[in-house]
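Thanks for coming. I have one structure to go through today, and I will take it piece by piece. Please look at the display first.

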Amino acid sequence: MDDKLKIIELLKRQVTAKTAELTTENIQKTTQDIQDLLKILNDVAAIDFVATPSETPTKQEPATTSEAKTIEAPAPKPIVTTQVEKPHQVEQPKVSSEPEVPLLSEHWLNNHKSYIGRFHLDLNGGHVGSIKVSESKLHKMSNPPENGDWVRADEYKDSDSVNYKMTTLKRDPLPTDIVRLKFLPAVFRQDVKRWYIEFKSPEHETTQQLLLGDYDVMLFKLKPGDYIDYAYRRGQEIDGKIIWRYTNSAAVATRMKQRFAKASDTESNHETAASRQTQYKATVNKPAKRKQRALQQVFANKQLLLVCIENSGMPRKVKRNVEERGGKLILSPRSDSNAMLKKKVQKADMVIVPTDFVDHGQMFAAKDEAKRIGKPIWMAKNTNERNMLQWYKRHFPNEAKAPVMDYEA
């Protein structure tokens, strides 16, 4: 009897024995045991058993008499047994049920305990996936991530609150429309009773003055001598916000750090001072070319009409500022009739009226015609370069971003 039949016979005996012991008291337990045995019996019947080598029982020699002892018994023939080897099973590689996820892709790890994704910069702080990164956490990091860098956020608990530890995996910055201005002094203007900052950005040729919002001033409790970080979306400086305020001790430490950084740069360049002095002596007799500041061509392909008295110094001043930035200036002098003035207003892209250098009749005629056809008109008492550029940028925010051209004298 092979192994499979032995197991089946054993299970049948157990079923019979369980049935014989069946009573009203153990009917549930016995029924469950019989069902389990039948299930095992069904599983065993479906298995293909492998044949194993058979065992030959040892035969007992019959008792011999004294006469039979003299007769030699024939030598027993050896029984040849064949051993069936178990077929070698090739191990198949374990295939994971979960699909493999590339490392640098937006996905969760460790049962939503960690997240890998790109860091996106916000006006205040940033976020990776649905995880918000506060501005205070970015300030505490020695090397905070930039917009587009791949980071990993690992969850940890701090005082029963869930926080995330940020680790930069790969530097891969992407362009962003958010501009951050670092360490600007906050100044209080007594004339308007407002706080403001001054800054210079690549979008502007001149230094800009920007009033701070009352809510931010109240939220950060600004005091004289404070320094702040200011963030805004490109082209929307007025809608920006204060994102950080430096205390007095932090401001002193930051200023000292910047001062020592400049000193270290000076020391590193001290070794080449002698070589630079030699080069200076060699070229001291040669006239050096003075490089003028870079000007943005903000008025490219634009015609600006100036309504002004022709014999004043204003037309020459405005013409220089307009033509240096790629525009064309049209003058409407006092000798123009109202009909000629209206034609020039219709032809120009924008109208400039300096109120201190124009007749009242010209001013009102230009204003009425520009209002009738919806032409941008700028009427100002102080027509200086910075005010004109700021006004143009407000009315033409997209066209004011023009390429920069360098000029050499």
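Start with Val318. Leaving aside residues up to four places away in sequence, Val318 touches Leu306, Leu329, Ile352, Thr383 and Met388. Before I go further, note that this is a predicted model.

What does Val318 belong to? It is among the residues with the most contacts inside the largest nonpolar core, together with Phe299, Leu304, Ile352 and Tyr392. That core has 18 residues. At least two residues each come from β15 (303-307), α7 (314-323), β17 (350-354), β18 (377-380) and α10 (385-395). Which element gives the most? That is α10, with four residues. Another core, of 16 residues, lies apart from this one, and its members include Phe119, Met141, Ala231 and Ile243. As general background, nonpolar side chains in soluble globular proteins tend to be buried together.

Now the chain as a whole. There are 409 residues, and buried ones make up 30% of them. The secondary structure comes to 10 helices and 19 strands. The accessible surface is about 29300 Å², with 53% of that belonging to carbon and sulfur atoms. Of the contacts with a separation of 6 or more, 61% are between residues 24 or more positions apart.

Next, a charged residue. Is Asp229 buried or exposed? Its relative accessibility is 0%, so Asp229 counts as buried. Asp229 lies in strand β12, residues 227-233. Setting aside residues up to four places away in sequence, its contacts are His139, Leu181, Lys182, Phe183, Lys241, Ile242, Ile243, Trp244 and Tyr246. One of these, Lys241, is 12 residues from Asp229 along the chain, and the two C-alpha atoms are separated by 8.8 Å.

On to the strands. In general, strands of a sheet pair through backbone hydrogen bonds, either parallel or antiparallel. One open sheet here has three strands in the order β3-β4-β5, with antiparallel pairing. β3 (120-121) and β5 (131-133) each have a single partner strand and stand at the edges, so one side of each is left without a neighbour in the sheet. Two bridges connect β3 with β4, residues 126-128, in the antiparallel sense. Which residue is the bridge partner of His120 in β4? It is His127.

Further along the chain, β9 (residues 187-189) and β10 (residues 194-199) run antiparallel and are joined by three bridges. Phe188 stands opposite Trp195 in β10. The two strands form a hairpin with four residues between them, and Lys193 in the turn has a positive phi of about 55 degrees. β10 is also joined to β11, residues 208-211, by four bridges, again antiparallel. There, Ile197 stands opposite Leu210 in β11.

Now salt bridges. How many are there in the whole structure? The search finds 19. I will take a few of them.

Asp172 pairs with Arg118, and the closest N and O atoms are 3.0 Å apart. This pair links distant parts of the chain: Asp172 is in the loop between β7 (161-170) and β8 (178-185), Arg118 is in strand β2 (residues 114-118), and they are 54 residues apart. Asp172 counts as partly exposed because its relative accessibility is 24%.

Asp122 forms a salt bridge with Lys132, with 3.5 Å between the closest N and O atoms. Here Asp122 sits in the loop between β3 and β4, and Lys132 in strand β5, 10 residues apart. At 18% relative accessibility, Asp122 counts as buried, because the cut-off for buried is under 20%.

Asp154 and Arg152 form another salt bridge, the closest N and O atoms being 2.8 Å apart. Asp154 is partly exposed, with a relative accessible area of 22%, and Arg152 is partly exposed at 25%. Elsewhere, Lys18, Lys29 and Asp33 are joined into one network by salt bridges that share partners.

Last, the surface. Ile7, Ile47 and Phe49 make a nonpolar surface patch of about 230 Å². Ile7 is in helix α1, residues 3-20. Why is Ile7 called partly exposed? Because its relative accessible area is 32%, and partly exposed covers the range between the 20% and 50% limits.

That is what I have.

Definitions and conventions:
Residues are numbered from 1 along each chain as its sequence is written. This is a predicted model: local features need pLDDT of at least 70, side-chain atom pairs count only at pLDDT 80 or more; totals for chains, interfaces and linings use all residues. Side-chain values use heavy atoms; hydrogens and water are left out. Patches are made of residues with over 30% relative accessible area and no salt bridge: like charges are joined within 9 Å, nonpolar side chains (Val, Leu, Ile, Met, Phe, Trp, Tyr) within 5 Å. Accessible areas come from the Shrake-Rupley method with a 1.4 Å probe; for residues, only the protein chains shown count as cover. A salt bridge is a side-chain nitrogen of Lys or Arg within 4 Å of a carboxyl oxygen of Asp or Glu. Buried means under 20% relative accessible area, exposed over 50%, partly exposed in between (1.4 Å probe, protein chains only). Two strands pair if DSSP finds at least two bridges between them. A nonpolar core is a set of buried Ala, Val, Leu, Ile, Met, Phe, Trp, Tyr and Cys residues joined through side-chain atoms within 4.5 Å. Contact means heavy atoms within 4.5 Å.
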